[in-house]
Amino acid sequence: MLIPDHETAVDFLNYAAIAETVVAFLSENRERAMTIGIHGDWGAGKSSVLKMIESELAGDDDVAVLWFNGWAFQGFDDAKTVLIEATITELCRRRSTTGKVKELGAKLIRRVDWLKLARRGAGLAFTVGTGIPSPDMIDAATRGLQTAAENVKDWTPEQMEVHLSEAKSFLRPAEGQSIPKVIHDFRIEFEKLLKEAKIKQLIVLIDDLDRCLPATAIDTLEAIRLFLFVPYTAFVIGADEQMIEYAVRQHFPDLPLTTGPLPYVRNYLEKLVQVPFRIPSLGIQETRTYVTLLLVGGLVGEEDEGFRALLDKARNSLNRPWLGAEIKQADVQAVASTRKEELVAVYVLAQQIGPILAEGTKGNPRQVKRFLNALLVRQAIASARGFGNDVNQAVLGKLMLAERFLSDLYEHIAGKAMQSKDGKVPEIKLLEDRVRKTKSKKAKARSREKALEPVDEIEEDVQKWLEQDWVRRWLLINPLLGETDLRPYVFVAQDKRTMRIAAPTDRLDDLIEKLSASKLAVRSVEAEVKALTPAEAEQVFAALHERVVRFGSYKTEPPGFEGMSVVAKHHARFQFEILTLLRSIDSKELGIWVVKGWNEIITDDGAKNQLIELLNRWAKLDGDAKLGTAAGQALSGLHRRKG
């Protein structure tokens, strides 16, 4: 069961209200030319809103609704002519039997073809400022086209002559005209086409504009304003306005930053988009409801009658989320009487992970979908490998929240679980007990004070996790993990690391072996490590990390650790991962080798601060004088270098 990650006309998020408002606005202003913006972050649901608008207008014969995906056409031609041509062609296709639609459409297409040829021929470019090329320049363009055609070996002379004749016929009608006149004439003929097609309103839905390159996005917007912005036309653009503002800055780098009280890019966008609609982020209740609907829909199918009834109840609850009305467990169970157990599990999971998922994803629907799909994929992998019964969905979901939103905490838990004989992590149980005692309203004042006292068994860096609100909320999520064998969950989560090191090349295999050998062998390939691409460095580091963890003994330096250090030295993002690994190891299991050599390896300022904290912790150890003394000396050396 995977959740499809594409636009849909099925309203899981109560976005129908936005779509209906847009449709009403369009219906009330049919005679006006207008541009409406559906704004929202990547994955917020803009495409789905456009689909709902299209569905709402489907039964109106007086309205022609066209769909244009700018990203899909990127790279085929200049965006201006692609949008204009696609609009005219689709309009003529839908009204091909009406009056002189074909004739008028063909005339407009010839103008579009001329625009394309004028842009390509002999490298000539024109803008609103420079105007249309003169007749002499057009002759030069034609000669340039002829020269290019002679180099096309697949064309016969007859074919070349045909192409050149067509080119000249396109160029001839516009000779001597200026850009303002061309635009004016085009608009008049476009209006005639709409009247001849008996269309009371043309609505063009433009999707994925924020995925386009800046030049493509600007060209598309300018085509709307310059050529197609006539009465009885409306454009509904789904785009992240911040990305469009970025495109404006990139396309017009020399323009002033401001024009009055607002930045220029904002003024430009507001000139193009008259009516903006902003899609809000999901809150906690909306996320819970959304997760429930996605999982139930994936379980029984979106066309199931029981699911449709649940969907209606969900929409009613989302109409006034501030009142706290939510879909109940009984509502979910009622979807399918034969699958109550599965439906209850889905409901419980949504209640458990909803709050933190809402915070971690910033209420982004696509991120929610991706998290759920990753959860379902891992569960499927566990079943395929034969230990599906050992993986509880709620436990897996809770661990994945830590992995997704606080990787340091997850790495610590995973490391401890794999080192433990029973897969249990005592620190997690202590943390869970402590945070729940602090949370309990029934605890007496003395017990509460005692619960707030430091717990010796919890390491210093773990203590700091309790200071984070996110970690405390995560610990309170059911089920508890302190008494759970976490090894199956960590193993199935290795799909990420396994993918990173999948199918390494022979060259990388050889490099990994040398980085796992003696210090001399490691130093001999340092230049090769430095030259690795980011993707190659990640594969090599991941493979070495696996070897070190599997070795399991840290009294002496494990094979591969020196190699990890050299990779981190030249690819700084891995310096934090090395320190995270060391923090996850019980200090009683470490030898004094661990304090040496960091001056050369750790170069990132943030990583340096973490190293100093780690050395400070080791220097304060009472039970291991050798490690404590060595850590103190290493710390003094670091401070001297820093000074």
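Begin by selecting Lys-198, which lies in the loop between helix H7 (179-196) and strand E3 (201-207), where helices (H or I, at least four residues) and strands (E, at least two) are DSSP runs numbered from the N terminus. Lys-198 has a positive phi of about 55 degrees although it is not a glycine. Most residues other than glycine have a negative phi. Lys-198 is exposed, with a relative accessible area of 61%; here buried means under 20% relative accessible area, exposed over 50%, and partly exposed in between, computed with a 1.4 Å probe on protein chains only.

The model is a predicted one, in which local features need pLDDT of at least 70 and side-chain atom pairs count only at pLDDT 80 or more, while totals for chains, interfaces and linings use all residues. Residues are numbered from 1 along each chain as its sequence is written, and side-chain values use heavy atoms, with hydrogens and water left out.

Move next to Asp-208, whose place is in the loop between E3 and H8. Asp-208, which is not a glycine, also has a positive phi, of about 60 degrees. Is Asp-208 buried or exposed? At 12% relative accessibility, Asp-208 counts as buried.

From Asp-208, select Trp-71, in the loop between strand E2 (63-69) and helix H3 (79-94). Leaving aside neighbours within four places in sequence, Trp-71 is in contact with Asp-208, Arg-211 and Cys-212, contact meaning heavy atoms within 4.5 Å. Trp-71 is partly exposed, with a relative accessible area of 42%. A distance label between the C-alpha atoms of Trp-71 and Ile-206 should read 9.8 Å, although these residues are 135 residues apart along the chain.

Now display helix H8 (residues 214-228) together with helix H9 (residues 241-251), whose axes come within 8 Å and cross at roughly 100 degrees. The axes are lines fitted to C-alpha atoms, for helices over the stretch in contact, and the angles run from 0 to 180 degrees between N-to-C directions. H8 and H9 are therefore roughly perpendicular to each other, on a scale where angles under 35 degrees count as roughly parallel, over 145 as roughly antiparallel, 65 to 115 as roughly perpendicular and the rest as oblique. To show the contact, select Pro-214, Ala-215, Ala-217, Ile-218 and Leu-221 of H8 with Ile-244, Tyr-246, Ala-247, Val-248, Gln-250 and His-251 of H9. By class, this contact of H8 with H9 has nine nonpolar, two polar and no charged residues; Ala, Val, Leu, Ile, Met, Phe, Trp, Tyr, Cys and Pro count as nonpolar, Asp, Glu, Lys and Arg as charged, and the others, Gly among them, as polar.

Two further helix pairs share H14. Select helix H14 (residues 340-360) and helix H15 (residues 365-384), which pack at an angle of about 135 degrees with their axes 12 Å apart. That makes H14 oblique to H15. The residues that make this contact are Leu-349, Ile-353 and Leu-357 of H14 and Val-368, Phe-371, Leu-372 and Leu-375 of H15, and they divide into seven nonpolar, no polar and no charged.

Keep H14 on screen and add helix H11 (residues 284-300), whose axis comes within 8 Å of that of H14 and crosses it at roughly 145 degrees. The H11 side of the contact includes Ile-284, Arg-288 and Leu-295, and the H14 side includes Glu-342, Leu-349 and Leu-357. By class, the contact of H11 with H14 has twelve nonpolar, four polar and two charged residues.

Go on to Met-418, found in helix H17 (residues 407-419). Met-418 is partly exposed, with a relative accessible area of 38%, and touches Arg-487 and Val-490, not counting residues up to four places away in sequence. Met-418 and Val-549 are 131 residues apart in sequence and 8.5 Å apart in space, C-alpha to C-alpha.

In helix H21 (residues 469-476), the residues to pick out are Trp-470, Val-471, Trp-474 and Leu-475, the buried residues of that helix. They cover an arc of only 130 degrees around the axis, which puts them on the same side of H21; the arc is that of the directions from the helix axis to the C-beta atoms.

The last residue to select is Lys-588, in the loop between helix H29 (575-583) and helix H30 (598-601). At 66% relative accessibility, Lys-588 counts as exposed. Lys-588 and Leu-627 are 39 residues apart in sequence and 9.1 Å apart in space, C-alpha to C-alpha.

Finally, zoom out to the whole protein, which has 32 helices and five strands, and in which buried residues make up 49% of the 643 residues.
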